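Grab a coffee and work through the exercises below with the model open beside you. Each one starts with a task and then goes through the solution in steps.

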Amino acid sequence: MLEARKFEMDFNGRKLVVEIGELAKQATAAALIRYNDTGVLSVMQASREATTLPFFPLLVNYTEKLYAAGKIPGGFLKREGRPSDLETLTARLIDRPIRPLFPDGYRKEVQIINTVMSGNTDYSPPMTAMFGSSLTLMLSDLPFTGPIAGVQVGRIEGEFVLNPTEEELSYSDIDLIVAGTKDAINMVEAGAKQVDEETMLDAIMFAHEWIKKLCEFQEDITKELGEEKETYVPEPTDEVPLQDANKNYKERAIEAVRTYDREKRGDLIRELKDEVEESVENTYTDATEEERKTIAKTIKNLIDDFVKDEVRRSIVEDKIRPDGRDLSEIRPLSSRVDIFEQTHGSALFTRGQTQALSTTTLGALGEHQIIDGLGDTDNKRFMLHYNFPPYSVGEVGRYGPPKRREIGHGALGERALWQVLPNEEDFPYTIRVVSEILESNGSTSQASICAGCMSLMAAGVPIDAPVAGIAMGLIKEGDNYRVLTDIQGLEDHLGDMDFKVAGTKKGITALQMDIKIEGLSKNMLQEALEQARVGRLEILDNMLSAIPEARPEVAENAPKVKIMVIDPDKIRDVIGPGGKMISKIVENNDDVKIDIEQDGRVTIMHSRVEPINNALKEIEDIVRVAKVGEIYDGKVKRVEAYGCFVELWAGTEGLCHISKLAHGRVAKTTDVVNVGDTLKVKVIGIDDRGRIDLSHKAVLPKPEEKKTDKDKK
């Protein structure tokens, strides 16, 4: 691609420009995608030889360079470091619709690096990167059966909006990302404010109409510049090991599946595979050691194939699942709250052999998470963190910082629960939910949503409505398919779809769909959404048996909070020189937490109400302004011959002149008041320098006028 080429299309009134052949010419394929003033460089590199890895080694990266938005990175090093959560989630978003479109068994290493070089968040850098990733694969000779493309959809006042701006999203009740081919949908990611299933389905189909246009644009470019595709032919299975496996292991593998017991099935399959090594050693005596290892590996893989085929056959033909359940049956449910005393809220949710323990912590608004990204949003006050220790699946393994999967599951739960949280004004807390997966056999992200919701309710967070989540599966053989409710691990691994749906009784709050086939029809989506709705309601009933509604008050050991609003011009008075004033307030009141926003909003937090009230009063005294006509009970601080100085509140004094102390003539100030007396006064004037003129006489009753001799007659 040495000759520079440019292609343009009008995409719903916005310019989409593709530049190929000038940048990154040594890579397998590269394209610069401009979507209005967003620019993403997508570069794809493939290895020349296939690897021996047992999986397709596809790696998608998405990187936002802060220079793309005219920003310098925060922190000490002043350069981009480890990927942000948004970058990780976007990389996953691009990977998920691309991976199913490579043939099974393909093992060449493929790496796609998307670099945002000019970033305007109103013109979706993630969707631009997805378009570029697909296009580079289309331009190469790799056996990629795309193209794919993605769009974002919002809904404002009942009307769908394509690729909404950040401002439009703030008014939207849907934030939906859909990816797919020209023929079908193969990835969905959404958050919504309790939107019904029919509306969500319409939004998905609206998105698909625009996806078709983007796919056609890629096809037009590929016709001119694309290479001839490599024909991938999987290596045939050797006939001898195949006969051996069919004769000695197939029926026993099928019997293991029909036990309908996870642990027993696992034990039986492990026993079969353990036999293989010794059997091969005794049977293939003329083969070399390396050949025997290859034969044993082939037979073990065939045993896995027998299990997969029987699981799928049983579901499609007999409508029986690996654990004996009906297609729409949910595993046994259990919900509990108040697991621990010291946490602000805690809950345990169990669904079959999947178990999530979630805790909620309430903190000051100043404890929000700081975000260093391209957009205007620089912090968030709600976080859901998901942890998946290896013991949850009975294994020993790496245990450390979160991987892409854990970040993705946490983000899904966060999106589902965010839709029902109170706003900052009504509930001025930073909220952190942590989900610890204690057991895993499918759908741990949805269990986290259920446990997380109950822990919020137990902590006294006034959510709009309880939220539950459920994962749906799909097995498709030819034209026949079966939709499964509450899939377990084996059904996820061997099935064709993982469709997670979270919501309230009223509607959907989050969606995430991944599939392993080329796409889903509208009818399949509709059936899955309706089956998920029924299952979600059953789970909600179980959750509400443990905690029917959010508690009316935050937990006793949770911090209490009060908010006041001051004149922004008074902020510096509250802070004081070098922060002395606010430090003094904090010290005087048992180390209360005080956050002051630029708009004058002051948030005061403590475990007890008394220090909050005292700090509130001190701040009120600092920012209070005397007004003419108001009456105060002041304290006499100083007495002079010409009058007395009265403290209206801490830091604010006024002068009550001797002539304003009484209706009659006062010979000496001390005839009326002394230092330390309480004196009721009225503000009768404030001069240009802020000096306050007070009157005690103005609040005294007027003396009765004496009657003259003339009046007596």
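**Exercise 1.** Decide whether R624 is buried, partly exposed or exposed, then look at its salt bridge with D621.

*Solution.* Start with the cut-offs: buried means under 20% relative accessible area, exposed means over 50%, and partly exposed lies in between (1.4 Å probe, protein chains only). R624 has a relative accessible area of 36%, so it is partly exposed. Next, take D621: at 8% relative accessibility it counts as buried. Finally, check the contact, where a salt bridge needs a side-chain nitrogen of Lys or Arg within 4 Å of a carboxyl oxygen of Asp or Glu. The closest N and O atoms of D621 and R624 are 3.7 Å apart. Elsewhere, salt bridges with shared partners tie R321, D323, R325, R331, R351, D486 and E491 into one network.

A quick word on the ground rules: this is a predicted model, where local features need pLDDT of at least 70 and side-chain atom pairs count only at pLDDT 80 or more, while totals for chains, interfaces and linings use all residues. Residues are numbered from 1 along each chain as its sequence is written, and side-chain values use heavy atoms, with hydrogens and water left out.

**Exercise 2.** Find out which parts of the chain the R96 and E189 salt bridge links, and how covered its partners are.

*Solution.* First, the distance: the closest N and O atoms of R96 and E189 are 2.8 Å apart. Then place the partners, using helices (H or I, at least four residues) and strands (E, at least two) as DSSP runs numbered from the N terminus. R96 sits in helix α1 (residues 85-98) and E189 in strand β10 (residues 185-195), so the pair links distant parts of the chain, 93 residues apart. Last, the accessibility: R96 is buried at 13%, and E189 is buried too, at 9%.

**Exercise 3.** Do the same for E224 and R5.

*Solution.* Their closest N and O atoms lie 2.7 Å apart. This pair also bridges distant parts of the chain, with E224 in helix α4 (residues 197-225) and R5 in strand β1 (residues 5-11), 219 residues apart. On accessibility, E224 is partly exposed at 48%, and R5 is partly exposed at 27%. For the whole structure, the salt bridge count is 44.

**Exercise 4.** Check the span and the cover of helix α10.

*Solution.* α10 (residues 444-458) has 15 residues. The expected span is 1.5 Å times one less than the number of residues. For α10 that expectation is 21 Å, and the first-to-last C-alpha reach of 21 Å is close to it. As for cover, 15 of its 15 residues are buried. Just after α10, G460 takes a positive phi of about 85 degrees.
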